[in-house]
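Grab the viewer and work through these exercises at your own pace. Each one comes with a task and a worked solution.

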Amino acid sequence: MISRHRRAVGVVLALHGAAAVAGLAPPWLLGTIVDRVTAGAGVATVDRLALAIACCVLVSALLSRYAQYAGHRFGERAVAELREEFVSRTLGLPVSVVERAGSGDLATRSSVDVATVGTTVRDVAPTIVIASVQLTLLFGAVFLLHPLLGVAALAGLPSIVTAARWYLRRASPAYLTEGAAAAELTETLTTTAEGARTVEALRLTDDRIRHGTTRISRVWQARRATLALRTVFFSVVEASYPLPIALVLLLGGYLLSRDLVTLGAVVAAALYLQQAIEPMDRLLQWTEQAQRGFASYARVLGVGMVPPEPPGQTTTARGQRVVVRGARFSYSGGPDVLHGIDLEVQPGERLAVVGPSGAGKSTLARLLAGIDAPRHGVVSIGGCPVTDLDPAERRRRIALVTQEHHVFIGSVRDNLSFAAPDASDEQMRAALTTVGADWCAELPDGLDTQLGDGARQLGAAEAQQLALARLVLADPHTLILDEATAALDPSTARRTERALAAVLVGRTVIAIAHRLNTAHDADRVAVLADGRITEIGSHDDLVAADGAYADLWRSWHSQADEHRR
């Protein structure tokens, strides 16, 4: 980061260095006043030296002010670049990695951690460098006054260095633990807030409170651990400050009695050491803050260390036939959730996948879309494994729309242009009409209507229709609908599915369905149970076979009739 801004860093260091040099003059001038007065100098001499002290203080203050200004400009530019790089790296991650990390962890890294790094770059790093330069100059000045005074000035350093080494060995792991605990707390609060209605409906309030309290307790324990480190560290450091001043005064008195130094030199040396306390404090305090910054920097850069989505071994696939052979899959080394899936979907065919909750339907959809790769077996399109396709080509050919949907802050046009940046307004309106989004005609500013917090809020059904409109604009040849109309009421869902059916002619459609009317309209139906395909065939054939699908159909049909009544 510094190497990209060498000139700005050089200016900051030069200004701070000049301010530090200007700050060395007042103690020396004050010592000179003492010596001149002792020698019998008059008021005019004192006034001239006092004016010189005032000028040096003013110059030092101005240089420090502009050094801080230049440092803040550099810090803000550097942090802006860091945020952009972080977003770029995050967008380059495989979807499965992002899902495993969780929204809370990424939110903490992109907000709290990046802000902490910003403080480190803007304030901490320059302060540490400049404080180190100031201390070097101050101790060097004491040595120039008299070498023995310089040796006495170093009396407090052994205890400070020992305490600093003890602290630094323990601080980084402790702050990493604190950052991880804070991320877990953010994740808990985020998921609880997003699922507030579910929590209330299922009476899970007490459970979520206990869960949140546990996470708060972990944060509390982590922060107590870092506080304990700071308590020991700063106590030892503060106790070390008076020692060198006392030794310089004692030794200076002895040397003064032997006429080896002047009274002004002893006064100047004591003032230099008193002046050194402030940069020493800043150095040690910001060193503590630097540990937070380095820990946060590690978390921010850690995103870039995750291997990006592989580029794929080919950009082309011969044909559109989807084939699954012997596919097995498990999450994070757990037991298999899919057990030897064999499936073949012809171009233009409409396949419905049905089954009870937990059967593995959504997992199969993720394999078909190339989000996850099977542990054993292969999922291919046009004879090419899906995961071997270049990601851009895979997304152009295959689109996955799940029951989860997102409305981005911005206009309706912004939300639709993600799928087709070159789409015209007419094409966007046609896509909305296709999915039955009649509400768009009533928007006050049409496609320019702002959505999100502080603007037009979309309900779950409207947001899902917006997602489906993106699908129409993306125009892939293979569509995977993972309960994509689950948030719509039955009549709206039916109307949307019919509208989609008219548009999706000639495309391969694999629909994960919980409403069996989708299965009724499909060319074939695959029944998934316990991670295995137990039945496959047309709706009529499976009903006639009187197996698991027939039981599902009768159960759903009776519920639908009861609902209509």
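**Exercise 1.** Leaving aside its neighbours within four places in sequence, find the residues that F233 is in contact with in this predicted model.

*Solution.* Start at F233 and skip anything within four places of it in sequence. Next, keep residues with heavy atoms within 4.5 Å. You end up with A163, A164, Y167 and L284.

**Exercise 2.** Place F233 in the largest nonpolar core, and work out which helix gives this core its largest share.

*Solution.* The core has 37 residues, and F233 is among those touching the most other members, along with V142, Y241, V248, Y272, L273 and L284. Now go through the suppliers: α4 (103-145), α5 (147-153), α6 (157-194), α8 (205-240), α9 (242-257) and α10 (263-305) each bring at least two residues. The largest share, twelve residues, comes from α10. Don't mix this core up with another one lying apart from it, which has 28 residues, including A437, L466, A469 and A511.

**Exercise 3.** Trace the order of the six-stranded open sheet and explain what sets its edge strands apart.

*Solution.* Walk across the sheet: the order is β6-β9-β10-β3-β11-β12, with mixed pairing. At the edges you meet β6 (398-401) and β12 (532-537); each has a single partner strand, so one side of each has no neighbour in the sheet. On average, neighbouring strands are turned by 15 degrees against each other, direction ignored.

Zoom in on β6: four bridges join it to β9 (residues 478-482), and the two run parallel. Here I398 sits opposite T478 in β9.

Finally, add helix α11 (residues 361-369), which lies across β3, β6, β9, β10 and β11 and runs at about 155 degrees to β9.

Terms used: Residues are numbered from 1 along each chain as its sequence is written. This is a predicted model: local features need pLDDT of at least 70, side-chain atom pairs count only at pLDDT 80 or more; totals for chains, interfaces and linings use all residues. Side-chain values use heavy atoms; hydrogens and water are left out. Two strands pair if DSSP finds at least two bridges between them. Axes are lines fitted to C-alpha atoms, for helices over the stretch in contact, and angles run from 0 to 180 degrees between N-to-C directions. A nonpolar core is a set of buried Ala, Val, Leu, Ile, Met, Phe, Trp, Tyr and Cys residues joined through side-chain atoms within 4.5 Å. Buried means under 20% relative accessible area, exposed over 50%, partly exposed in between (1.4 Å probe, protein chains only).
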